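Work through the exercises below with the sequence and the model open. Each task is followed by a solution in steps.

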Amino acid sequence: MTEWTQIAYSSIHQHGSKIIPITTSCFDEYYELVWVGNEKGHLTSYFGPELCRYTSAKAHNTPICSLISHERGIVSLSSQNIRLMNRRGLFRWSLSDLDMIDLQCMTVVSRTSSDILVGGLQTLMLLVNIERGTVINKLVIGGTNRKKDTVVMQCGRYICCGSSTGELSLLDPSSYKELHSIEAHSGSFSDLDIRGNLILTCGFSQRNEHYLLDPLVKVFDIRTLRPLVPVPFPAGPAYVKMHPKMSTTAFVVSQNGLFHIVDMGNTTDVQLRHASTNTYFTSFCVSQSGDALALSDADGAVQLWSQKLTPCFSEFSGSLEWPNTSHVPNIRIHTDTPLNVIGMPYYREELLSSWPSHLVYDVGKVPHILDQDAISNMKMMDFVGYSIYSGNMKRNQARYYTRDKDDGIQKLIAPKFHSEKAKELVSGDMKKDSVPLYFEDEDNDSTEPFIIPKFYKLLEIKYSKFGVEDFDFGYYNNTPFSGLEIHIENSYCNSLIQLYYFIPSIRELAVAHSVSSCAQEKCLLCEIGFLFKMLSDANGQNCQATNFLRVLSASSQAISLGLIINESMEKKISFSSIIQALNRFLLEKLSDESLNTHSLNNYPSTNISPLAETNGFFSKTITFCGCGANSVRDSIIFVIDFIYPKIASGKKFSLASFSLILGASINREVQNRAWCSNCHQFRFLTTQRTVSNFPCYLNINAMAYTQDHWKYWSSKGWLPTKIGLNHHLGKVVCFQGKDIDKKVNNEGLTIYNLKGLVVEISFKNESHLVSFIHVTDKDIELKYKTSWFLFNDFLVMSVPEDHVLNFSKAWKVPAILIYEKVNYSDDLKKINFPSFDMSVLYKDCSISLKRDMQFVRHQIFTEIEKLDHNTVIGLDAEFVSMQKEEINVRSDGTRFIVRPSKLLLARVSAVRGNGELENVPFIDDYIAINEPIVDYLTEFSGIKQGDLDPITSKYTLVPLKIAYKKLRLLVTLGCKFVGHGLQKDFRIINIHVPKNQVIDTVNLFYLENRQRKLSLRFLAWYLLQDYIQQDSHDSIEDARTALLLYKKYKEFKEQGIFEEKLKEIYDLGKKYGYKPPVVGEEKHTN
């Protein structure tokens, strides 16, 4: 059979139903399907040469104008809407835009891109990304003076666009700029196609004031941009398509069914065919294989033509998913038939009839609760009861009873504020030596398996009038490990940061790098090193990742990868995919920054970072084509993405083991359709990966996004705590369980233990992340009876191992796993970490372009000055407001803080507290801020507009990292800091200073039973006879004053009169309102 004949016919209408014309059609490039769309917006697919109906769905409310097949599904276009539907009829996304006025056509930009270009009877064209379902660009053809519409378009070497005026535009596939323009027809385009160097067009021309189809198919050569000999077609060409394999063969079709198969190299060689129809043909398409043609008409019928009896639509078609067929057993039921002969189907999941409690609720109004006395005294008349009303409600009033709502999550009891506890302590309601209550001491009375335990709940910080410092974070943590706060944007990173902290290869490198000579201003490795040092020093006290998240949010790479989210997005997205992308980004970024060329302590010139040596796979990726061409690429892989095998649709199947999937994911052999530079065509290229080493830490992205993926994790005992890796025949083989014991004597076997996980907790369209971490400390395990700990932001508690490994509930989904190599410490000893560098303390790091030396009041440290635990430093800092405080007012008039103000360090001053240059400042740094400042707080900070701008500032201006690094070095050296209100200052600066290094005068001069802390200004007036802070605050003056107050404190202690003096201060403060009197008023003395 070599002639083109009709082999199948199908109609989308059943007998007797209303006829709806088909408007567009296309063959599927990935499956044996042909798709048609009709005038009412229905999308229908047919399978195979028999045109068996496979899918039918309502895609749009208006006619479908165009269709494109994609790997993820079918993209359909109507005049004002674009939708992506999978091949089973479920919609992935729907896109509408105000600029979608009258769309007509679309085309893929390139074979390797996920973008499509959409146009219509409007001057604006839209570039749409299929993966995300968003408009990423808007274009105009011809510039602002010659705006053109588009009725047909195809993509080849150029993007060819035909307008309603008959003009053919050739666009650059990369920049989408118009490169050439050709007048093809005097009227509108009907169809066009491009293949190789040829462009074929058909359209309308004006005859006797009417537009008729041109009797010619216009042919253009791309290379010369000149017309070639046209193809005559007297019947009027409505559709034209090039053969996908024969570069010079074209199909020309008229509306009445006449079509030619013509050789463009010899236009006299024509094969004439005729397809019969009762109306006219509305669409024509050719399969990717070139074996089949589909013609659709206004009667809603589809004709399939081919030269073969069983043509294939696609060369590399996949297997379709078909509905499961169930066999009904032949059982006869009698009155004496026992019910146990009717078997229940085998199932692995809970049945639909097993409704969880959070989905079962009562409906309707709760009935009125009647008084028992009224019921007992009721008199009945017919069917109506009467009783005397004894309530206190007015006439025609009744109470409205409501049911208590249960959201499926156990409610958390917020702890009391520190200020409330202090009041109870003074009033005697709380004993000073009472045992503190912790979160895990609360009863967990949940027995319902579908209710999420309270320790998984998304935590919330409450604010009092004293700010976030008044919140009792200690209530949520009874461990030596510090939690992280959540009131900061992008704090979803907390779970991954906590996990990284317990990875020695990352922690030790980051901490060492943070005190090296790195000069990069926005270095994530430095910032995470500062954070890790703070977590280490805090010893269970709460911390916050403010500075790290601030630098991350400013990263252009993180923004382009979609890793930066705002508050409005937090409750609308799933964090699992984002945290896995962040995991990959951070490891690669930290590895690059550890090779920072600006550092004076450069690593060996191997271009392999210390992080890559301990956490990366050294791999070779081999890509080869069937033509024999191949390529090899070396790379370092930090994260292994899980690749799950497809679960068979049959009743009986066995899940692949964790080790089998891990081994396949490491080796990663895939096939992708791509361009082969050797055979110059798109082919399926095979990619294989081989690795040459096993790192200290194995980092895995779980990639569990679908129900089939979750089936693996929900299987009991599927996740192993110990795995083994080995090389065999150039590939990685993974072992678990008893298989490891059999391979113990194998010298090449590398054993790993599960170190930690990041898990997503999802419930009612809200999600957040927690981490489980295995702590290898025998003392900790002995105290807490387990070595596993849960980190839910600032909630830290011990959990049993079986709780960690249990993923049987759908609201708990794994995101990231890290395995630790046994005896990893031997490999870490070989790493050369950067050396400790103190040079920043002895340098002038100002970046101000107009610094005035008369405003420089500090004298930088010299290298002969000794810095150790005996060094005393007076410290004070000033801040500016980046975000105002948000306050809500309740109905009773009381106010509560929704979000506290966001402050940022603007100036820090440090004064020598001992030595030859006592009271001389050595740091007086203003901080350069590029972000918008809401309020300079000049009255309290002394900072004015322009003081923090490198172009206009007259002061010593440094980046935040330099100022922070100086303080970090002083803390590391053991220096003692004296100041007034240092706890709040250190919190905003985002640094933790051990208690034995902090001397806070606000606590030295404090009486608990008075419940009031004294200001620096009042203490300076009374104890030092000095009026400070008259016009504005000066951090150098405040730091010196704090040092003098500390000396006064020591004097009073030596004389034994401190308690007497402190009482005297409070008594006098009460008289003056705890404010110094105006200048000139006589001071009251006893």
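## Exercise 1: a loop residue

In this predicted model, Ile573 touches Ile565, Ile578 and Ser767, not counting residues up to four places away in sequence.

Task: Find where Ile573 is placed, and decide whether Ile573 is buried, partly exposed or exposed.

Solution. Step 1: Ile573 sits in the loop between helix H7 (556-560) and H8. Step 2: the relative accessible area of Ile573 is 23%. Buried would need a value under 20% and exposed one over 50%, so Ile573 counts as partly exposed. Step 3: His768 is 195 residues away from Ile573 along the chain, yet the two C-alpha atoms are separated by 9.5 Å.

## Exercise 2: the H5 and H8 pair

Task: Describe how helix H5 (residues 524-538) and helix H8 (residues 575-593) pack, and sort the residues of their contact by type.

Solution. Step 1: two packed helices are described by the angle between their axes and the distance between the axes. Step 2: for H5 and H8 the angle is about 105 degrees and the axes are 8 Å apart. Step 3: angles of 65 to 115 degrees count as roughly perpendicular, and H5 and H8 are therefore roughly perpendicular to each other. Step 4: H5 contributes Leu524, Leu525 and Ile528, which meet Phe585, Leu586, Lys589, Leu590 and Glu593 of H8. Step 5: these contact residues comprise six nonpolar, no polar and two charged.

## Exercise 3: helix H21, its ends and its partner

Task: Check the length of helix H21 (residues 1035-1055) against its expected span, then examine what caps the N-terminal end of H21 and what follows H21.

Solution. Step 1: H21 has 21 residues and, at 1.5 Å a residue, should span 30 Å. The expected span uses one less than the number of residues. The end C-alpha atoms of H21 are 30 Å apart, so the two values agree. Step 2: the N-terminal end of H21 is capped by Asp1034, with a side-chain oxygen 3.2 Å from the backbone nitrogen of Ile1036. Step 3: after H21 comes Gly1056, which has a positive phi near 75 degrees. Step 4: the buried residues of H21 include Ile1036, Leu1043, Tyr1049 and Phe1052.

Task: Classify the crossing of H21 with helix H22 (residues 1058-1072).

Solution. Step 1: the axes of H21 and H22 come within 8 Å and cross at roughly 125 degrees. Step 2: that angle makes H21 oblique to H22. Step 3: in the contact, Tyr1049, Phe1052 and Lys1053 of H21 meet Phe1058, Glu1059 and Lys1061 of H22. Step 4: by type, the contact of H21 with H22 has three nonpolar, no polar and three charged residues.

## Exercise 4: two buried polar side chains

Task: For Asn38, state the burial and find the backbone nitrogens that its side chain reaches.

Solution. Step 1: Asn38 lies in strand E3 (residues 33-38). Step 2: with a relative accessible area of 4%, Asn38 is buried. Step 3: a polar atom of the Asn38 side chain lies 3.1 Å from the backbone nitrogen of Lys40. The backbone nitrogen of His42 is 2.8 Å from a polar atom of the Asn38 side chain. Step 4: leaving aside neighbours within four places in sequence, Asn38 has contacts that include Ile12, Ile20, Pro63 and Ile64.

Task: Carry out the steps for Ser941, which is in helix H16 (residues 938-941).

Solution. Step 1: Ser941 counts as buried, at 1% relative accessibility. Step 2: its side chain reaches the backbone nitrogen of Ile943 at 3.2 Å. Step 3: beyond neighbours within four places in sequence, Ser941 is in contact with Glu878, Phe879, Tyr936 and His1033.

## Exercise 5: positive phi in loops

Task: Compare the settings of Asn919 and Gln1025.

Solution. Step 1: most residues other than glycine have a negative phi. Step 2: Asn919 has a positive phi near 70 degrees, and Gln1025 has a positive phi near 50 degrees. Step 3: Asn919 is in the loop between strand E49 (902-912) and strand E50 (921-927), whereas Gln1025 is in the loop between helix H20 (1016-1024) and H21. Step 4: Asn919 is partly exposed at 25% relative accessibility, and Gln1025 is exposed at 54%.

Definitions and conventions:
Residues are numbered from 1 along each chain as its sequence is written. This is a predicted model: local features need pLDDT of at least 70, side-chain atom pairs count only at pLDDT 80 or more; totals for chains, interfaces and linings use all residues. Side-chain values use heavy atoms; hydrogens and water are left out. Helices (H or I, at least four residues) and strands (E, at least two) are DSSP runs, numbered from the N terminus. Buried means under 20% relative accessible area, exposed over 50%, partly exposed in between (1.4 Å probe, protein chains only). A polar contact is a pair of N or O atoms within 3.5 Å; within protein, one must be able to donate a hydrogen and the other to accept it, and residues adjacent in sequence count only if both atoms are side-chain atoms. Axes are lines fitted to C-alpha atoms, for helices over the stretch in contact, and angles run from 0 to 180 degrees between N-to-C directions. Angles under 35 degrees count as roughly parallel, over 145 as roughly antiparallel, 65 to 115 as roughly perpendicular and the rest as oblique. Contact means heavy atoms within 4.5 Å. Ala, Val, Leu, Ile, Met, Phe, Trp, Tyr, Cys and Pro count as nonpolar, Asp, Glu, Lys and Arg as charged, and the others, Gly among them, as polar.
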